[in-house]
Amino acid sequence: MSPVLSGRTLAVAATATALLATALGAHTAVAAPTATTDKVLVIGIDGTVLDRVKAANAPNLKGLMAQGLTARSTLYASPMAATSSGPGWSTIATGVWPDKHGVKDNSFTGKNYAAYPDFLTRIENAKPTLNTYAAADWEPITSTDAGGPIFSPKVDKRLSLKGDRDGYGSEDPKIAAAASAELQGQNPDAAFVYFGQVDGAGHSYGAASQQYLDAIARVDVMVGQLLTAVQNRPTYAQENWKVLVTTDHGHTDAGGHGGSTIQERGTFVIAKGAGIPAGSVRDDVRLVDVAATALAQVGVPSAGLDGVPLNAPDNDAFDTLRPNLQARVDETGIPAATKGFTHTPPAGWAVDNSKMGTGGVTEWAGWAFATDEFWSQSQRDQWRELNVRSRDVFAVADSDEWDDKSHTGSFDSTLITPKWPVTGGTTRTLAFQTHYRHDAGQSAQVLVSYNGGAATVVKNYTADAVAKGESIALQVPAGATDVQVRFRYSGSNNWYWTVDNVTLG
C-alpha cells in the first residue's frame with residue numbers, strides 16, 4: 001500500500017477526515033475538503049508498560065487503541081544496547097537500531113546521528129518548508145546536556161525543560177500546555193512530544209504499583225490535551241493527521257530497567273489515522289517503524305532505515321503461522337502461557353530432519369518457527385535478544401538449547417523453500433534477515449538447486465552475522481525454470497541461526 005499523499009481524491013479525503021475526527025473525539029460532521037495537508041504527531045511516554053496502560057484509567061490512550069492500531073514490540077539487550085532511554089529514544093527518533101545509531105546507554109558515547117539523524121531533521125533536510133516541533137522534559141532529547149540532542153538543532157522549534165533534574169516528568173504539565181498551544185495555534189507539520197513521569201513512577205514504586213497506574217492516568221489527561229488541540233485547529237477539516245504513541249523501554253514489576261528481561265524489553269506502538277483499521281492488533285511492528293511512518297506521512301522517503309511505514313504490506317510466509325503457535329513443552333524459563341513455537345512450516349515450505357538426532361529439547365528438535373518473546377526467553381543474555389531485524393514469526397535452528405536434554409546424534413536440519421519460478425540466463429537476488437552466532441564445530445550453509453538438480457552452496461557462514469540483512473545474487477543457468485533454496489544448519493551444543501523474510505527479487 002502506498003503512503004498517504006496530499007491531493008487525494010474527494011472521496012478518500014472525506015473518509016480519512018471522518019475516521020480521524022472519530023478518533024480525536026469530534027462530535028460534528030466534517031465537510032469533505034477538496035484537498036488535505038498531511039501531518040503527524042508522535043507522543044513519547046517514557047518507561048510505559050502496555051498491560052498497565054490497559055489497567056489504568058486512560059480513556060484517551062484506550063480511545064486511540066480502539067480507533068486504531070495496537071502493536072507490542074520487544075527491544076534488544078546488551079551488548080547491542082541497554083534497555084535505557086538513550087538507546088530507546090534514539091531508536092524511535094532515527095528509525096534504525098543501536099548498531100547503526102551508535103547509542104548503547106545514557107552516556108551517548110558513540111552516537112552516530114550525523115549518518116542517522118532523527119526523523120524531524122530528515123524532514124527538514126528533504127522538505128525545509130515543512131514546520132517541525134519537538135518538546136521534552138528529558139534534556140538529551142532536545143538539549144545538548146547529557147549527550148544529546150537526539151532531535152537536532154535543525155528542527156524548527158525545540159522546547160527543552162529540566163524535568164529529569166527536578167524529578168522525573170515534573171515538567172510534564174508545562175510540556176503539555178506548550179505543545180498544545182503549538183499544535184492548535186501554530187502550524188507544525190510534524191511534531192514529537194515527550195512525557196516522563198510514568199518512568200519516574202516506575203523507578204520509585206515499580207510497574208505493579210498503584211502509583212504507576214496513577215502516573216499513566218495523569219499522562220493520559222495530557223495526551224487528551226494534545227488530541228483536543230489538534231482537533232481544535234482552525235484548518236483541521238483540511239488536514240489529515242496521523243497520531244502515534246510509543247515508549248522507549250519497559251519496567252519490571254518492582255521497578256527498574258536496563259536489563260534483558262522481557263518486561264524491560266517490552267515496548268509498543270499505538271497509531272491512529274487514515275489507512276489504519278480501527279481496533280487492529282499487529283505483531284510485526286518494531287520500534288524503528290515510528291520514524292518510517294512519520295516520514296511517509298509527510299511524503300519523505302525512509303530508504304536506508306530499519307523501520308518500514310505501518311502501511312507497508314507484510315508478505316512473510318512465516319508470519320502466517322502465528323495462529324498455530326504452541327506453548328512450551330520442555331523449556332522451563334518461558335512462561336507457560338506464552339504461545340510461541342511450532343515445527344509445522346508454512347504452505348509450500350518443508351523441513352528435512354532425516355539427518356537429525358533423536359531426543360533433545362522438543363521445541364528445538366530441528367528448524368522451528370518461533371517468536372522473539374518465546375525464543376529469547378529460552379535462555380537470556382546469549383545474544384538471542386539481538387535478533388531485532390526479524391519480525392513476528394521467524395525460523396530458528398538452535399543446537400545450544402536442543403542439547404539441554406539428553407539425545408542421540410547431533411543437530412542437522414534443513415529448511416527448504418518452495419520452488420520459485422525463474423528464467424534461465426537472468427540474475428535474481430535472494431534476500432533474507434538473519435541472526436547467526438558462530439562456534440567451532442557447527443555449520444550453516446545456504447544452498448540452491450535449479451529444476452530439482454543437485455544443490456550447490458552459495459553462502460557459507462564462518463563467523464558471527466548478528467542481526468543483519470543478507471543479499472545474495474543468483475546467476476540462473478540457461479534452461480532453468482525454477483529455483484529452490486535450502487538453509488542447512490548442523491552442530492552439537494553450539495549456537496544458533498535464525499532466518500526471516502526470505503524473498504527472491
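Which elements cover the buried residues of helix 6? The legends below describe close-up views of a predicted model, and the first of them takes up this question.

**Figure 1. Helix 6 and its cover.** Strand 1 (37–45), helix 4, strand 3 (132–136), strand 5 (190–195) and helix 12 (289–297) are among the elements that cover the buried residues of helix 6. Helix 6 spans residues 119–126, and six of its eight residues are buried, so the rest of the structure largely encloses this helix. The buried positions are Phe-119, Leu-120, Thr-121, Arg-122, Ile-123 and Glu-124. Both Arg-122 and Glu-124 are thus listed with the buried residues of the helix.

**Figure 2. Helix 12 and the glycine that follows.** Nine of the nine residues of helix 12 are buried, and the helix is mostly covered. They run from Asp-289 through Val-290, Ala-291, Ala-292, Thr-293, Ala-294, Leu-295 and Ala-296 to Gln-297. The cover over these buried residues includes strand 1, helix 4, helix 6, strand 6 (239–246) and strand 7. Helix 6 therefore appears in the cover of helix 12, and helix 12 in turn appears in the cover of helix 6. After helix 12 comes Gly-299, with a positive phi near 75 degrees.

**Figure 3. Surroundings of Thr-267 in strand 7.** Thr-267 belongs to strand 7, which covers residues 266–272. Its relative accessible area is 4%, so Thr-267 counts as buried. With neighbours within four places in sequence left aside, Thr-267 is in contact with Ala-71, Arg-72, Ser-73, Thr-74 and Leu-75. Thr-247, Asp-248 and His-249 are also in contact with Thr-267, as is Leu-287.

**Figure 4. The cis peptide bond at Pro-79.** The bond from Ser-78 to Pro-79 is cis, and its omega is near 15 degrees. Pro-79 sits in the loop that joins strand 2 (69–74) to helix 4 (85–94). Helix 4 is also one of the elements covering the buried residues of helix 6 and of helix 12.

**Figure 5. Gly-491 in strand 21.** Gly-491 is placed in strand 21. The residue is buried, with a relative accessible area of 7%. Residues up to four places away in sequence not counted, Gly-491 touches Ser-399, Ser-410, Phe-411, Gly-441 and Gln-442. Ala-71, one of the contacts of Thr-267, is 420 residues from Gly-491 in sequence, and the two C-alpha atoms are 36 Å apart.

**Figure 6. Two loop residues with positive phi.** Asn-493 is not a glycine, yet its phi is positive, at about 55 degrees. Asn-493 lies in the loop between strand 21 (482–491) and strand 22 (496–504). With a relative accessible area of 40%, Asn-493 is partly exposed. Trp-383, likewise a residue other than glycine, has a positive phi near 75 degrees. The loop holding Trp-383 runs between helix 13 (372–375) and strand 13 (393–398). Trp-383 has 24% relative accessibility and therefore counts as partly exposed, since buried would require under 20%.

**Figure 7. The aromatic pair Trp-349 and Trp-420.** The search of the whole structure for aromatic pairs gives 22. In the pair of Trp-349 and Trp-420, the ring centres are 6.4 Å apart and the planes stand at 80 degrees, so the arrangement is edge-to-face. Trp-349 lies in the loop between strand 9 (341–342) and strand 10 (350–352), whereas Trp-420 lies in strand 16 (residues 420–421), so this pair ties together parts 71 residues apart in sequence. Trp-349 and Trp-420 are both buried.

**Figure 8. An aromatic cluster.** Ring pairs join Trp-367, Phe-432, Tyr-436, Tyr-461, Phe-487 and Trp-497 into a cluster. Phe-487 falls within strand 21 (482–491) and Trp-497 within strand 22 (496–504).

**Figure 9. The whole chain, for orientation.** The protein chain contains 14 helices and 22 strands. Its C-alpha atoms fill a box of roughly 70 × 50 × 40 Å along the principal axes. The radius of gyration is 24 Å, which agrees with the value near 23 Å for a compact globule of 505 residues. Of the 505 residues, 57% are buried. Among contacts with a separation of 6 or more, 74% involve residues 24 or more positions apart.

Methods: Residues are numbered from 1 along each chain as its sequence is written. This is a predicted model: local features need pLDDT of at least 70, side-chain atom pairs count only at pLDDT 80 or more; totals for chains, interfaces and linings use all residues. Side-chain values use heavy atoms; hydrogens and water are left out. Helices (H or I, at least four residues) and strands (E, at least two) are DSSP runs, numbered from the N terminus. The radius of gyration is taken over C-alpha atoms; the globule rule is 2.2 Å times the number of residues to the power 0.38. Buried means under 20% relative accessible area, exposed over 50%, partly exposed in between (1.4 Å probe, protein chains only). Contact means heavy atoms within 4.5 Å. Rings of Phe, Tyr and Trp (its six-membered ring) pair if their centres lie within 6.5 Å; planes under 30 degrees apart count as stacked, over 60 as edge-to-face and the rest as tilted.
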